[in-house]
Amino acid sequence: MESQTRVFAAVLPAAAREFAGHDNEQGLDVRAVNRHSPGNRLREVQVTGTAEVCCPADRASLRVSVGSSKESVNDVTNSVSRRLEYILQAVRQHGVSDRDTSVRRFLHREADQYHMDAEVVVTFSDFENMERVCRVLLEKLDKSVCVGTPHFYHSAECLSQMRRRACVSAVENAQQKASEVSQLLGQTLGSPLLVREEETREWRNEDEEDEGRGQGGAPLPQLPCTPTITASSRVSVSFSLRDKSRKKL
């Protein structure tokens, strides 16, 4: 995780001269100035920190479809229902809840034939478990079932947690940098005065195209990849500064 920090410090003149003698090895933009309030000299350090958090998809939607054509509604319904029941049973046996499964049926007639198509949509949070279900269905139902390519996505809970982690990491980074600066200034870092999230960004990481080639220069088939989303946060934090020599009352 990479981050950048800008620091603005308001300190006493002696501390400012002491800090000016140090090399700024961490690339911090530090400005020491005097800020006065009536009867007091205000001392604080203002830090702007950034952080990025990358999160892979945590959900996958899988479509499994079956179909049949018969001369009667009863026959076509029974044919499809038997395979649907096996599909649903296999999904339950692998620990998938009924609330993560939906079923749709469509019956229509063409000439003297009745056609029924059915589709089962299953949401998985365990991708290895999804692979096991696909293998079982293809082995048992063979060509009578069509298992689609899974669609990976991020749940609302995953995105919310990622955003919080980015903000918290930015604040933690800013606090660490501010602590190092306060030590160079001969000060003790005090309590935070203000924490403000100034900017947030999110972007999806595009998968790079696979340039592998098979015999005759034909492109190799690609497996579905798990997409990732990156969130960045920029925060501004102000801390009070205390003189190390100051005695506690």
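## Helix α3 and its surroundings

Glu 128, Glu 131 and Glu 139 are exposed on one side of helix α3, where exposed means over 50% relative accessible area, buried under 20% and partly exposed in between (1.4 Å probe, protein chains only). This is a predicted model, in which local features need pLDDT of at least 70, side-chain atom pairs count only at pLDDT 80 or more, and totals for chains, interfaces and linings use all residues. Residues are numbered from 1 along each chain as its sequence is written, and side-chain values use heavy atoms, leaving out hydrogens and water.

First, the overall picture. The protein has 4 helices and 12 strands; these are DSSP runs numbered from the N terminus, with helices (H or I) of at least four residues and strands (E) of at least two. Of its 249 residues, 35% count as buried. Contacts (heavy atoms within 4.5 Å) reach far along the chain: among those with a separation of 6 or more, 78% join residues 24 or more positions apart. The protein exposes about 15900 Å², with carbon and sulfur atoms supplying 46% of that area, as given by the Shrake-Rupley method with a 1.4 Å probe.

Here is how three of the helices compare with their expected span, taken as 1.5 Å times one less than the number of residues.

| Helix | Length | Expected span | End C-alpha distance |
|---|---|---|---|
| α2 | 21 residues | 30 Å | 30 Å |
| α3 (127-141) | 15 residues | 21 Å | 21 Å |
| α4 (156-184) | 29 residues | 42 Å | 43 Å |

Back to α3: which of its residues are buried? They are Asn 129, Met 130, Val 133, Cys 134, Leu 137 and Leu 141. Viewed down the helix axis, these fall within an arc of 140°, so they line one face of α3; the arc is that of the directions from the axis to the C-beta atoms. An α-helix has 3.6 residues a turn, so residues three or four places apart point the same way. The cover over the buried residues of α3 includes β6 (59-70), α2 (73-93), β8 (113-124), β9 (146-147) and β10 (151-153).

The N-terminal end of α3 is capped by Asp 126, which has a side-chain oxygen 3.1 Å from the backbone nitrogen of Glu 128. Asp 126 sits in the loop between β8 and α3 and is partly exposed, at 36% relative accessible area. Its C-alpha is 8.4 Å from that of Ala 60, although 66 residues separate the two in sequence. Just after α3, Asp 142 has a positive phi of about 50°.

A search of the whole structure turns up 1 aromatic pair. Phe 127 and Phe 152 form this edge-to-face pair, with 5.0 Å between centres and 75° between planes; rings of Phe, Tyr and Trp (its six-membered ring) pair when their centres lie within 6.5 Å, and planes under 30 degrees apart count as stacked, over 60 as edge-to-face and the rest as tilted. The pair links helix α3, through Phe 127, to strand β10, through Phe 152, 25 residues apart. Phe 152 is buried, with a relative accessible area of 11%.

Helix α2 has its own buried set, including Val 76, Val 80, Leu 84, Ile 87 and Val 91. The buried residues of α2 fall within an arc of 160° seen down its axis, so they line one face of the helix. On the other side of α2, Asn 74, Arg 82 and Gln 93 are exposed. Its buried residues are covered by elements including β6, β7 (101-110), β8 and α3. Gly 95 follows α2 with a positive phi near 80°.

Note on methods: A polar contact is a pair of N or O atoms within 3.5 Å; within protein, one must be able to donate a hydrogen and the other to accept it, and residues adjacent in sequence count only if both atoms are side-chain atoms.
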